[in-house]
Amino acid sequence: MTRIAQNWGLLDGRNMVWSWTDGEPRNFGDWIGPLLYEDRQGRPPLYHKLNDRTGGSAYVTAGSIMGHIKRDDAAIVWGSGIIEREVGFRRPREIRAVRGPMTRARCREQGYVCPDVFGDPAILLPDVLGQRHADVTHELGVIPHFVNAKEAQEIFADLPEVRVIDVTRPVREVVAAILSCSATVSSSLHGLIVSHVYGRPSARVSFGAPLKGDGVKFDDYYLAGGVEIPPEPVRVGRETPVQDLLRLAKEAPVPDNERLKERLLDACPF
């Protein structure tokens, strides 16, 4: 009955799109939107796809999920981004905010009205979760995207000063793990963002297995915060000294996410 009500538009205020793919591990960044919704509304959203077999509208929030919009005039976009520069998606009902200027440009290239309101919803997590302080137990946190998890574990297995953080854990657990490190390096976009908003120096790195997309999500994030796009990320391997990674993290640019918060919050549709 719930699915029928969703398709008839009776639950539009609770419908939400997020990246939840059968056969893939749960990625904490994809669950930031549902967490923020539940914090503001006091109940969880309902997962809902937007395609030709469904009806009703849905919120589209944290994640590189603009490509999940497969039906016109159904998506209410708040802080989402693109996974590739040329990705196509159907016309949203309304765009309140997008992750950054690269996503805005792609919206406008397709003829969609898009405001100059930027910010990934993950930048709001410190205000929602209240997790701001923790004892530091590790010198360096390594935050691999789940496709890089096995490789990262193998590289750092014998280094007690390094904590490899599992991004398939719930949001609060990942935040706590990041706070336990004095600095981080990350191949996960949301690992990078969460490190920055919680005051941990962090740099983007890469591993052997490539991520989905062309890397535009990282460019989008940096540009939204007023930072020039950094050089190509350092490739991490067994031969990479921990001290080099710590120095990389501490010297990396940090986007000014604080200045984005007010407008992003004002644009929130729920």
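Here are three short exercises with worked solutions on a predicted model.

**Exercise 1: S187 and its surroundings**

Work out where S187 sits in the chain, whether S187 is buried or exposed, and what its side chain touches.

*Solution.*

Step 1. Start with the chain. S187 falls in a loop, with strand 8 (181–186) on one side and helix 7 (189–197) on the other.

Step 2. Now check accessibility. The relative accessibility of S187 is 2%. Buried means under 20%, so S187 is buried.

Step 3. Look for a polar partner. The side chain of N148 makes a polar contact with the side chain of S187, at 2.8 Å.

Step 4. Finally, see what else is around. Skip the neighbours within four places in sequence, and S187 is in contact with I143, P144, H145, N148, V205, F207, L211 and F218. N148, the polar partner from Step 3, is on that list too.

**Exercise 2: A salt bridge across the chain**

Find the salt-bridge partner of R85, then say which parts of the chain the pair links.

*Solution.*

Step 1. Find the partner. R85 pairs up with D219 in a salt bridge, and their closest N and O atoms are 2.5 Å apart.

Step 2. Place both ends. R85 lies in the loop between strand 4 (75–80) and strand 5 (94–98), while D219 belongs to helix 8 (residues 216–224). The two are 134 residues apart, so you're looking at a link between distant parts of the chain.

Step 3. Compare their accessibility. R85 has a relative accessible area of 32%, so R85 is partly exposed. D219 comes in at 9%, so D219 is buried.

Step 4. Check for a third member. R85 and D219 are joined by D214 in a network of salt bridges.

**Exercise 3: Two more salt bridges**

How many salt bridges does the structure hold, and how are E109 and R106 placed in helix 3?

*Solution.*

Step 1. Get the total: the structure holds 14 salt bridges.

Step 2. Pick one of them. E109 and R106 form a salt bridge, with 2.9 Å between the closest N and O atoms. Both sit in helix 3 (residues 101–109), and because they are three residues apart, about one helical turn separates them.

Step 3. Check each end. E109 is exposed, at 53% relative accessibility, whereas R106 is buried, at 13%.

Step 4. Try another pair. D116 and R108 meet through their side chains in a salt bridge of 3.2 Å, N to O. Here D116 is partly exposed at 38%, and R108 is partly exposed at 43%.

Definitions and conventions: Residues are numbered from 1 along each chain as its sequence is written. This is a predicted model: local features need pLDDT of at least 70, side-chain atom pairs count only at pLDDT 80 or more; totals for chains, interfaces and linings use all residues. Side-chain values use heavy atoms; hydrogens and water are left out. Helices (H or I, at least four residues) and strands (E, at least two) are DSSP runs, numbered from the N terminus. Buried means under 20% relative accessible area, exposed over 50%, partly exposed in between (1.4 Å probe, protein chains only). A polar contact is a pair of N or O atoms within 3.5 Å; within protein, one must be able to donate a hydrogen and the other to accept it, and residues adjacent in sequence count only if both atoms are side-chain atoms. Contact means heavy atoms within 4.5 Å. A salt bridge is a side-chain nitrogen of Lys or Arg within 4 Å of a carboxyl oxygen of Asp or Glu.
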